[in-house]
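Work through the exercises below with the coordinates open. Each task is followed by a solution in steps.

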Amino acid sequence: MVSIRSETPRVKTIRFAVPHWPGHLAGQHADVRLTAEDGYRAERSYSIASPPGAPGPELTVERLDDGEVSPFLTGQLRAGDTIELRGPIGGHFVWSASEARRPLLLVAGGSGVVPLMCMLRHRRLSGSLVPAALLYSCRTREEVIYRHDLGDIARGDPRFTLRITLTREASTAWSGPSGRIDLAMVRALAERLGETADCFVCGRDGFVEAASALLMQAGQPAETIRTERFGATGPLTH
Amino acid sequence: MATRGFKGMRSGTQSKRLPPGQHLARDFPVLSAGPTPHTPLGEWTFTLEDEDGETLASWDWEEFRALGATEVTTDIHCVTRWSKWNTRWRGVTVDRIFEAAGLDEAPAPFVMAFCDGGYTTNLPVEDLLEGKAMVAWDYDDEPLEPEHGGPARLLVPHLYFWKSAKWVRGLRFMEDNEPGFWETHGYHSYGDPWSEQRYDGD
C-alpha cells in the first residue's frame, strides 16, 4: 500500500503499487485477499477507482461496521504493507473512451459511484468528447464520495452534466435536488444527452432495480443498460 | 503469505462445507448484468434446440409445470464469494425434460442455456443429468421472484451460481463448448467452486 486518503468519514481511497499490473479498463474491479497467520482467508472485490494510465491501481473502500475486510483496509493498513490483489476482473461493466459511439449515462447510488467515477476520470484523461451525465444519489452531503473531484470535472467540461440528489439531507447549504431518483430526473439527463446512451448503473440491489426501470421508462432500451449491484456481500462491502 | 495485523472474524463459518474463498451470506444477494426481464407467463416457453436452432421440443408454462416437480435442498455458491446453505427449490429436473422430449441420448455433448434479456451460459450435458440440475420455478416455497430469475431459472448448484442461468428459456445443444456471457467476459468455462475456478485460466 502506497497511500490512503479519506473521501468521506467512512470511505477511503487506497493507492497500491502492484508490480506488473497489466493495466485495466474503467469499470473493472480487483479482488483483495487477506490472510491471517494461521491461514484463515477473507476475500472481497472492490471496484478500481483510478483510471487506466493513472498512478495506482487505487481502490475506494467503504468501511462497513460489520464488515470483515473493509474495516481492516480502511483502519489498519499502513503504507508499505503488502496485501494480495488479483485483477483486473470483469469484461462487461466496462467503458472505453476509444470505443464509445454513444453518450454516456451513469446512475450511481452511494458507493456505487466508484466504477462510474473511474469511467469519468478515464473519459477526462483521454480527452474524450463523448457527452456524459452522472445522476448520483446519496443520503447526505457528507456521504457524497468524490464531491470535489466531481465538481471539478463538471466545471471544466460543458459536455458533462452532474446531478447529485440527497435522500436524507435537510440542509440550507444544499440547493440541489433532493429525494430519491425519479423519472423526471432521469428523463432530464437523457434529454440533455439527446440520443440513446450507453448506460451504467451501480449501487445496492434495490437502487439498481429502480434505476434500471426508470431508464427504460425514459426510453433507454434494455440492452443499453449495464448494471452492477453491490448487495450485502458484493464489491465495496465488508 | 500472511497479511500484517489481519485476524479475521472467526465466526466459525469457514467450515469444510464452504468451498475455498467463500463466506456465508445472511441474505440472498442479487447480481445481474442488466435490467430484470419480465416475461408474461402467457408468452413463456421452454425449448430444446439443436445446434442449428431447430426446435427439438417446446413447452408452454402449463405444459412445462405439468412435467412433474422435484424438490431439492442444496447449498449454492456465487463467484462473488457468498454462499448459502440449505436453499430450497422446486422445479423439473433436466433428466425429466430430456425424457419428455424423447431424448434417450443428448444429440451433442454441450448446451448453451439461453434466457430472456440475452444471458447465456455454457455447460457440459453430463453436468445437467443424473439429478444434478433442474429448471426451478419456486424458491423457499414461493414462486421465484423476477430479481432472482423468475418465472424460472436453471439450477446447477455444484457449479458457481452464474451457471444457474436466470430467466432461462431453453437449452441449445452444441458440439463444441462455446463460451456463454460471463465466460466471454473473463470467467471460467466450467466454474467448479471446489477447485475455485472463478476466472479464465484458473
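A residue counts as buried when its relative accessible area is under 20%, as exposed when over 50%, and as partly exposed in between. The model is predicted.

**Exercise 1.** Classify A:Glu58 as buried or exposed, then examine its salt bridge with A:Arg15.

Step 1. The relative accessible area of A:Glu58 is 3%, so A:Glu58 is buried.
Step 2. For A:Arg15 the value is 26%, which makes this residue partly exposed.
Step 3. The two side chains form a salt bridge with an N to O distance of 2.8 Å.
Step 4. A:Glu58 belongs to strand 5 (residues 58–62) and A:Arg15 to strand 2 (residues 11–15) of chain A, so the pair ties together parts that are 43 residues apart in sequence.

**Exercise 2.** Repeat the analysis for the salt bridge between A:Arg102 and A:Asp198.

Step 1. The N to O distance is 3.1 Å.
Step 2. A:Arg102 sits in the loop between strand 6 (84–89) and strand 7 (104–109) of chain A and A:Asp198 in strand 10 (residues 198–203), so parts 96 residues apart in sequence are tied together.
Step 3. A:Arg102 has a relative accessible area of 32% and is partly exposed, whereas A:Asp198, at 18%, counts as buried.

**Exercise 3.** Describe the interface between chain B and chain A.

Step 1. Contacts involve 37 residues of chain B and 42 residues of chain A.
Step 2. The two chains bury about 3500 Å² between them, with 49% of it on carbon and sulfur atoms.
Step 3. B:Arg4, B:Phe6 and B:Pro35 contribute 20% of the area that chain B buries against chain A, more than any other three residues.
Step 4. Seven salt bridges are counted between the chains. The side of chain B that touches chain A has 16 nonpolar, eleven polar and ten charged residues.
Step 5. One salt bridge links B:Arg81 and A:Glu43 at 2.6 Å, N to O.

**Exercise 4.** Locate A:Asp31 and find its polar partner in chain B.

Step 1. A:Asp31 lies in strand 3 (residues 29–35) of chain A.
Step 2. Its relative accessibility is 3%, so A:Asp31 counts as buried.
Step 3. The side chains of A:Asp31 and B:Tyr199 are joined by a polar contact of 2.5 Å.
Step 4. Leaving out residues up to four places away in sequence, A:Asp31 touches residues including A:Arg44, A:Glu84 and B:Arg81.

Key
Residues numbered from 1 in each chain as written. Chains lettered and ligands numbered in written order. Predicted model: local features only at pLDDT ≥ 70, side-chain atom pairs only at ≥ 80, totals over all residues. Heavy atoms only, no water. Contact = heavy atoms within 4.5 Å. Buried area = accessible area lost by both parts, 1.4 Å probe. Salt bridge = Lys/Arg side-chain N within 4 Å of Asp/Glu carboxyl O. Nonpolar A, V, L, I, M, F, W, Y, C, P; charged D, E, K, R; others polar. Helix = DSSP H or I, 4+ residues; strand = E, 2+ residues; numbered from the N terminus. Buried < 20%, exposed > 50% of the residue type's maximum accessible area, 1.4 Å probe, protein only. Polar contact = N/O pair within 3.5 Å; in protein donor to acceptor, adjacent residues only side chain to side chain.
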